[in-house]
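Me: I am new to this structure. Please take one stretch of it, look at it closely, and place it in the whole.

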Amino acid sequence: ASFVDTGLTNGTTYYYVVTSLNSSGEGQYSNEASATPNSDGIGTAYKINCGGGAVGSWSADEYYSGVTQTPSTAATIDTSSAANPAPSSVYQDARVTYAGNLMYYKLPHLTPSAGYTVRLHFADINVYNAGQRFFGVAINGTQVLPAFDIVATAGAPNRAIVEQFNTTADS
């Protein structure tokens with residue numbers, strides 16, 4: 001037998017005991033078991049280390065198009081204020097484009113018209129100051145981060161932040 005518990009909160013631990021019930025009454029309780037839904041909120045999804053190789057459950061960079069460069073850094077990345085951060089080394093790689101070129105990721109195997117959560121992890125590893133570098137991010141053609149300044153949002157270079165958006169997959 002199995003049981004699916006819905007409406008749970010990621011990262012919260014839930015405790016369960018099981019008993020049987022029939023016409024003779026209730027049986028003994030089982031030992032307590034616990035479960036914690038996926039604390040990173042990702043579940044079955046793509047976790048891509050943009051500009052880098054595989055890191056833990058994060059796959060090597062794939063599914064991108066456009067003219068890009070792949071800078072990296074050996075600097076320590078501060079992940080202390082990022083909500084459910086990626087492994088620190090994921091922030092040390094990047095895939096970027098310059099001078100107005102476009103870059104995009106096209107993820108296969110998503111269900112058209114189904115809802116998805118997109119979590120974008122950022123750290124400015126080029127050590128710009130706030131107000132020096134801006135870029136835009138669009139999801140399915142909708143601008144979600146216009147004139148985005150990582151350093152201003154994170155509060156410092158080499159500091160990780162996460163921006164999250166809900167979207168519907170296109171065809």
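The stretch I would like described is the loop between β7 and β8, and after it the hairpin of β10 and β11.

Reply: Some ground rules come before the tour. This is a predicted model, in which local features need pLDDT of at least 70 and side-chain atom pairs count only at pLDDT 80 or more, while totals for chains, interfaces and linings use all residues. Residues are numbered from 1 along each chain as its sequence is written, and side-chain values use heavy atoms, with hydrogens and water left out.

Start with the whole chain. It holds 12 strands and one helix. Here helices (H or I, at least four residues) and strands (E, at least two) are DSSP runs, numbered from the N terminus. In sequence order the pattern is β-β-β-β-β-β-β-β-β-β-β-α-β. The radius of gyration is 21 Å, well over the 16 Å that the globule rule gives for 171 residues, so the chain is more spread out than a compact globule. That radius is taken over C-alpha atoms, and the rule is 2.2 Å times the number of residues to the power 0.38. Along the principal axes, the C-alpha atoms fill a box of roughly 75 × 40 × 25 Å.

Next, burial. Of the 171 residues, 25% count as buried. Buried means under 20% relative accessible area, exposed means over 50%, and partly exposed lies in between (1.4 Å probe, protein chains only). Contacts matter here too. A contact means heavy atoms within 4.5 Å. Among contacts with a separation of 6 or more, 57% join residues 24 or more positions apart.

Now the loop itself. It runs between β7 (64–66) and β8 (103–105). Asparagine 84 sits in this loop. Its phi is near 45°, a positive value in a residue other than glycine. Asparagine 84 is partly exposed, with a relative accessible area of 40%.

Move along to glutamine 92. This residue is in the loop as well. Glutamine 92 counts as buried because its relative accessibility is 17%. What does glutamine 92 contact, leaving aside neighbours within four places in sequence? The list is Pro71, Ser72, Thr73, Ala74, Ala75, Ile77 and Ile125.

Valine 96 is another resident of the loop. With a relative accessible area of 16%, valine 96 is buried. Beyond its neighbours within four places in sequence, valine 96 is in contact with Val67, Thr68, Gln69, Pro71 and Met103. Pro71 thus turns up both for valine 96 and for glutamine 92. Cysteine 50 lies 46 residues from valine 96 in sequence, and their C-alpha atoms are 9.0 Å apart.

What reaches this part of the chain from an earlier loop? Valine 55 does, from the loop between β5 (48–49) and β6. Valine 55 is buried, with a relative accessible area of 16%. Not counting residues up to four places away in sequence, valine 55 touches Asn49, Pro87, Ser89 and Val90. Take valine 90 from that list: 35 residues separate it from valine 55 in sequence, yet their C-alpha atoms are 6.9 Å apart.

Just before β7 comes one more loop. Tyrosine 63 lies there, between β6 (59–60) and β7. Tyrosine 63 has a positive phi of about 70° although it is not a glycine. Its relative accessible area is 31%, which means that tyrosine 63 is partly exposed.

Finally, the hairpin. β10 (residues 135–139) pairs with β11 (residues 142–148) in the antiparallel sense, over four bridges. Two strands pair if DSSP finds at least two bridges between them. Phenylalanine 135 has phenylalanine 148 of β11 as its bridge partner. Valine 137 is bridged to leucine 145 in β11. Two residues lie between the strands of this hairpin, and asparagine 140 in the turn has a positive phi of about 50°.

Glycine 136 belongs to strand β10. At 45% relative accessibility, glycine 136 counts as partly exposed. Leaving aside neighbours within four places in sequence, glycine 136 is in contact with Gln143, Leu145, Pro146 and Ala147. Lysine 106 is 30 residues from glycine 136 in sequence, and 17 Å separates their C-alpha atoms.
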